[in-house]
Amino acid sequence: MAGEKIPPNLVDGVAKGIGDAFDFLQLDAIIYRCTGEHRINGWTNDKLPRWMIARNCIDGAEKQGLIVRFLAYILSSLPPAGTLHVLIVNAMPQAKDALPEVKPQVEEVRLGLERTRELLNDPAARSTIEESREILTDVERGISLLDGYKGLHDCLHSLQAKQISLLIASSARIASDSLQHDALREYKDQVRTQVQCARDVVDRLPDDATLRSVEKKWIDELDIAAKFLQKSLDDRNPNAARIGIIRMSRVLQFQPPRLNDLIVAAAKQLPLQKLSAAMGTLAEIDHGGSNDLANGQAALSRLDQAVRGRVAEHDLWQEIDKQIWVNARKKIQLAAAARLWKDSGQASGYLLNGSALAEAEKFAQEDRDIKDLVLASRTKVSAGRRNTWILVVIVALLAITGWLLIDRTAEQRKLAQLEAQRSAIIAERGAARDAAQVDLQEAKIRALTQELKSAKLSAPAEITETVPEAVVRDQAQARVSSNDPSSATLRGFIWLGSDAAPNLLDSGGAPVKPSLASVGGSYSVSKNLVLRTSLPSADYIQSDSAGIVPEQTTIKLVAAPVPYKRPALAGSKAAAPTSGAPPTTVQYWARIEVRTSDQPIVYVEYAAPDPANAQTLAQKLKGQGFRVPGVEPSDLAKGINEIHFYFAADKGAAERLSAAVGAALKELQWSGVQAPKVVDLTSQKGPRNFPGVLELWIDFSSVK
């Protein structure tokens, strides 16, 4: 009867009729009668609609040449006058002729009942059956545990724990980035859904209050963390969102391995082998019976092996997840360290070295903050090696200076040479563009400055020095914490020059001798001066730099000028010295008050034979609210059009300057010159300009 099929126009009607009349278990019994085996699980499953289960059974029977016999057994279970009976006969007339005879079936049933009676009267069989009943109870509990723990594990695994580090990174931008905000909200909804799923699974666990309370505890923790995350998203609070994600990650990290251990334990304790042995015992007692018990015993053995194999595979994947969590935890810790470093103003105490730096480099391409931390740490390590070399040079120079001080004449000659060398190198540094060249010049300047300090001399006060980050922060904090009612003023100390070469101008632009300047008087400065935190020491060693006072800035003296008697350089206008004494001059310092301005300071460095274009642009910028104290020609500006800023707070001003220059170039209709791009030099090593100061490097060589 192979190849016989129900006509296509009738097969759906037959399937629907069979599905209405028979459920999955009844069809399983009919197929078993046809084949002697439970083949239905290979054809369909009990989760499908009943008509589809019936249709799959028809397809399976047709493929295996059993359709006539299958329908015959269906007909034997139906009343002859029924609608389905008539439909099947019309669809497959051969099935009616293949109906099994009733008499052999009755005899088969009688013999089966007789064998059952004999088994029940056998003491060994009764004992085995009772034992099997107890084993079945244990199997039921074990399967319930196995199914419950696996369900809880799946609830957590579906939350994709591997993405926790990405979610933490996203939390930092929820206040400004709606896409990141919506992504976290979607993840929060997934967590709440799985929390409810886990609660449903716990309800299906064996009725054991202690067992259920253990699982409910971590489910409640996950639910509370999800609600905390929801509130932080509603408030758009990045720090709170990060805390909520970390609280959820603790559950997602530690609960899946624990549940996996419980799954393995439940599988090992599942008494399938005991049940298989009991069925084997019954099969031995039932000498005249069918092969059902033996087949059942073999099936249980295969099931036990399959369960153990599946659990072993699950355990292997859990070990892989553990390693993923180890890496994720390292990444979370490094990302947190990188954010702390940035929040601290990139304090060097947070930088990495050694094995910690090597570990962080593995994650540098996965997180922008970690990448920045790694780059800064590498720079610090390199600088440490360079500073060791510089220290050796300084020690050598100090030794040489000590030898020179033996002879007074040689001392004066050496000091004059050092002053000239230092001035030359400072001039070179102002023009340097190459990073290696800047570092080398900075090392020379520091070494020569230290040597000059040892000889109780110092550099002129107008020289621009590197501003330590810590000094800038301390100065800013001091201003914020000050009781000074005027938050728009800043106090410090500046170099006033000498009476022969003063740095002060009166309201008419005439020079004012420092010795004649009056307390409370207002003056403008004739050059760019460094604002210091205190007066020079008795040896004329100058204090930390706190800012810059640009040329033409108006200052107010708040204390009388303080004179310092200093050696005069060759060619100075100091009075002729007495015989045998070196020439001297008197330099003045004073405490001053200067009004702070929200107008950024812009130094223009341009490349062009004619300064007219640069001066025109400078006037345009002054009209846009920028202070432009210096416009200088420089060959180093040739071929570049850039705006440099050195402190993060000046980024906005740099971008505003770029827009202003672009607008001015467009208004002036100059061609051949490009609008400048903004260059962030906040992480640059070596010398830098002051807070609030921008540098405009622009090439006018080809302007038309």
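Where does Asn-503 sit, and between which two strands? Asn-503 lies in the loop that links strand S1 (489–497) to strand S2 (504–505). Keep in mind as you look around that this is a predicted model.

## The whole chain

Let's zoom out for a moment. The protein chain has 704 residues, and 41% of them count as buried. Along the chain you can pick out 22 helices and 14 strands.

Now think about who touches whom. Take the contacts in the protein chain between residues at least 6 apart in sequence: 74% of these join residues at least 24 apart. If you go hunting for disulfides, you'll come back with 0.

## A loop with buried residues

Back to the loop between S1 and S2. Asn-503 counts as buried because its relative accessibility is 1%, and the cut-off for buried is under 20%. Leaving out residues up to four places away in sequence, Asn-503 touches Trp-495, Leu-496 and Gly-497 as well as Ser-524, Val-525, Ser-526, Lys-527 and Leu-529.

Ser-498 is in the loop between S1 and S2 too. Is Ser-498 buried or exposed? With 8% relative accessibility, Ser-498 counts as buried. Again setting aside residues up to four places away in sequence, Ser-498 touches Pro-514, Thr-585, Val-586, Gln-587 and Tyr-588. Look at one of those partners: Thr-585 is 87 residues from Ser-498 in sequence, yet their C-alpha atoms are 7.4 Å apart in space.

## Helices at the start of the chain

Next, find helix H5 (residues 67–76). Helix H5 is mostly covered, with 8 of its 10 residues buried. Which residues of H5 are the buried ones? They are Ile-67, Val-68, Phe-70, Leu-71, Ala-72, Tyr-73, Ile-74 and Leu-75. The cover over these buried residues includes helix H1 (8–21), helix H2 (24–35), helix H4 (50–63), helix H6 (83–91) and helix H7 (94–97).

Two of those covering helices, H1 and H6, also meet each other. In general, two packed helices are described by the angle between their axes and the distance between the axes. For H1 and H6, the axes come within 10 Å and cross at roughly 145°. On the H1 side, the contact is made by Leu-10, Gly-13, Val-14, Gly-17, Ile-18 and Ala-21, and on the H6 side by Leu-84, Leu-87, Ile-88, Asn-90 and Ala-91. The crossing of H1 past H6 is left-handed.

While you're here, check out two cysteines. Cys-34 counts as buried because its relative accessibility is 8%. Cys-57 is buried as well, with a relative accessible area of 0%.

## A sheet of five strands

Now jump along to an open sheet of 5 strands. Reading across the sheet, the order is S11-S10-S14-S12-S13, and the pairing is mixed. Strand S11 (627–633) and strand S13 (677–680) are the edge strands, each pairing on one side only. From one strand to the next, the twist averages 20°.

Let's start at the S11 edge. S10 and S11 are parallel and pair over 5 bridges, and Tyr-606 stands opposite Pro-633 in S11. Together, S10, H21 and S11 form a right-handed β-α-β unit. Helix H21 (residues 612–623) lies across strand S10 (601–607), S11 and S14, and runs at about 165° to S11.

## Following strand S12

Which way do the residues of S12 point? Glu-642 and His-644 point one way, while Ile-643 and Phe-645 point the other way, and all are buried.

S12 pairs with S14 and with S13. Strand S12 (residues 642–645) and strand S14 (residues 693–699) are antiparallel, paired over 3 bridges, and Glu-642 stands opposite Trp-697 in S14. S12 and S13, on the other hand, run parallel and are joined by 4 bridges. Here His-644 has Val-679 in S13 as its bridge partner. To get from S12 to S13, the chain crosses through helix H22 (residues 651–668), making a right-handed β-α-β crossover.

Notes:
Residues numbered from 1 in each chain as written. Predicted model: local features only at pLDDT ≥ 70, side-chain atom pairs only at ≥ 80, totals over all residues. Heavy atoms only, no water. Buried < 20%, exposed > 50% of the residue type's maximum accessible area, 1.4 Å probe, protein only. Contact = heavy atoms within 4.5 Å. Pairing = 2+ DSSP bridges. Axes fitted to C-alpha atoms, helices over the stretch in contact; angles between N-to-C directions. Right-handed = clockwise from strand over helix to strand, strands pointing away. Disulfide = S-S within 2.5 Å. Left-handed = near helix turned anticlockwise from the far one by under 90°.
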